[in-house]
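Student: I've just opened this one and could use some help with the vocabulary. Can we go through it term by term?

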Amino acid sequence: MQYHLNGFHPGDPDVLPAAPDHRRADDPLPAVVDVLIAGSGPAGLCLAAQLARVPQIRTLLVEPKPGPTEKGQADGISVRTMEMFQAFGFAEKVLRESVWINETTFWSPGDSASLCRVARVQDVPDGVSEMPHVLINQARVHDLFLDVMHNAPTRLAPDYGLKVATLSIDPTTADYPVTVTLAHTAPGREGQTETVRANYVIGCDGARSNVRSAIGGALHGDAAHQAWGVIDLLAVTDFPDWRKKSFVRSQDDGILMVLPREGGHLVRLYVELDQLGAHERAADRGMNADDIIAKAQRIFQPFKLEVKEVVWWSIYEIGHRLTDKFDDVPPAEVATRTPRVMLAGDACHTHSPKAGQGMNVSMGDTFNLGWKLISVLTGRADPALLHSYSGERRAAAQGLVEFDHKWARVVGARADNDTVDGLPRVAREFVNNLPFTCGLTIQYEPGALTGMPTHQHLAPGFDIGKRFHSAPVVRLADAKPMQLGHTIEADARFRLFVFAPTSDTGAPGGATASLCDWLEHDATSPLRRHTAPGEDVDAVIDARAVFQQGFRELDHAAMPTLLRPHVGRFGLCDYEKVFCADLKRGEDIFEMRGIDRGTGCVVIVRPDQYVGHILPLQAREELAAYFAGILRVRG
């Protein structure tokens, strides 16, 4: 990480200087805000953590609960989400504290009806990511986002004990067109309300979202009419795979899933309970933790399960539902109105927890939305950019709902006797679905933010529209081995990675130097057109280069000035823009990602870590056109 840019600051580098006018804890609610976020779950906190870093954006985050979440709820973190956590700067903490899921096992009745292990599968395929699949308490994820917010210049914190009661939108008003009535939920304050006006309202307030209802939205889909119990417990057992993710199918009592939790002892069980009637809710049965434990003990037989402590439990029914649109603009008015109210997470899609994607996709929603809101509110992009949020994320959610619908039925199916290559059906489907459960199948369609695959052949390992697949490199200035993808921070900037041709050393006259000179000095370049006067050259588009030679074969001081810019208040040199292939360890990024060695290429990465475009180094007009379709002219 980089710090001391604008002067020496001792202490924790994650704690940024506070903005002079930041809101204090005892300050009253503001009358107007730029963004009001309803709900401090994973989606709301992921958005708030991004906005908190921008001092000029006034954000209000309201939550009906009296304080932070402490236990329960979701637990699975996909490899894609771990890559996102890296951009926020807390992936290493999660890696240290969490359980790594390295193997998944499958148990079914044997010939004597006694449980036996019928399959074991590597949980994350080799080479798909530098990150593992992990399990950790959702509350700890909340803590880490709250830390980012607390340490950001705005010192943003949730306002607990408040929920959105009503909202109205005045489409004829440009400034603060959304009027929100907030209702107090704290004991003794019931019935009291506050009014806040906002430029944008983001509904992260769950499946019973008041924000969604206020804009006329509804969830559509179906339910499997099956009750499931989830329980976190400390127990003594002789089940052999207690510290592995496991699917256990009994002869007559249904199935359960074992999910080891952080700390070495805690375990979560998902347990199949009763079939529900067509109009019945799980709550109608009056079941409790004892029912979940009793059913788990029957499924585990002949293994023993002696529960010592129940930490948290819940009973729910499976539902697969999706709302029509993730914002407030009717389809007929898209050309004349831009979104003012948007939905994220369970407010716009619900599903079963069996694929472990709910929390991950919810955070993916607001990671997509965050940089777009920042770009609009800081004047870098036109508000029309926000239309892309509903289009991109609803398609992603639709894929999740369809996958989850299918997977829930595979998991819940009674018969599991057919095998292929020695794997029962549920294990075989699990293997086939690994790219999805890793969070790596989302691919945004071509449009303003995602280019056509005309030049995909220049780097087939970087799929246009998919997340940027990191690979090892060595930083030239200090010979540090690292992951190239870890240079991407959650700071709303685009990345422009220049992969140099074979003989290119960055010297004048070469392809890299020529492109860098154009980017830095030509009036038609996107850096000149979209960077405001007085901003650092990399404030909007961060250009970096990767060379094929080893780090001892190149001279950092001879690199183009764009790749060693002088930035910040003191004009200090940024030494972290140039990288080489990691030849010492044999991890050559050019070979690993299929980059054309003869011509090289330019890979544009969006602020949310997705590949926006791939272009030849000489494609100046196409490069300028890509950014012109997203960003305003400010140079």
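Tutor: Let's start with what is buried in helix H4: Gln138, Ala139, Val141, His142, Leu144, Phe145, Leu146, Val148, Met149 and Asn151. This is a predicted model, where local features need pLDDT of at least 70, side-chain atom pairs count only at pLDDT 80 or more, and totals for chains, interfaces and linings use all residues. Residues are numbered from 1 along each chain as its sequence is written, and side-chain values use heavy atoms, with hydrogens and water left out.

Student: What makes H4 largely enclosed by the rest of the structure?

Tutor: Buried means under 20% relative accessible area, exposed over 50%, and partly exposed in between (1.4 Å probe, protein chains only). Ten of the 14 residues of H4 are buried, so the helix is largely enclosed.

Student: Why is H4 called a helix?

Tutor: Helices are DSSP runs (H or I) of at least four residues, while strands (E) need at least two, numbered from the N terminus. H4 covers residues 138-151, which is 14 residues, so it passes the cut-off of at least four.

Student: Why is Arg155 called partly exposed?

Tutor: Its relative accessible area is 21%, and since buried means under 20% and exposed over 50%, Arg155 falls in between. Arg155 sits in the loop between H4 and strand S8 (159-160).

Student: What is the phi of Arg155?

Tutor: Arg155 has a positive phi of about 50 degrees, though it is not a glycine. Most residues other than glycine have a negative phi.

How values were computed:
Expected span 1.5 Å × (residues − 1).
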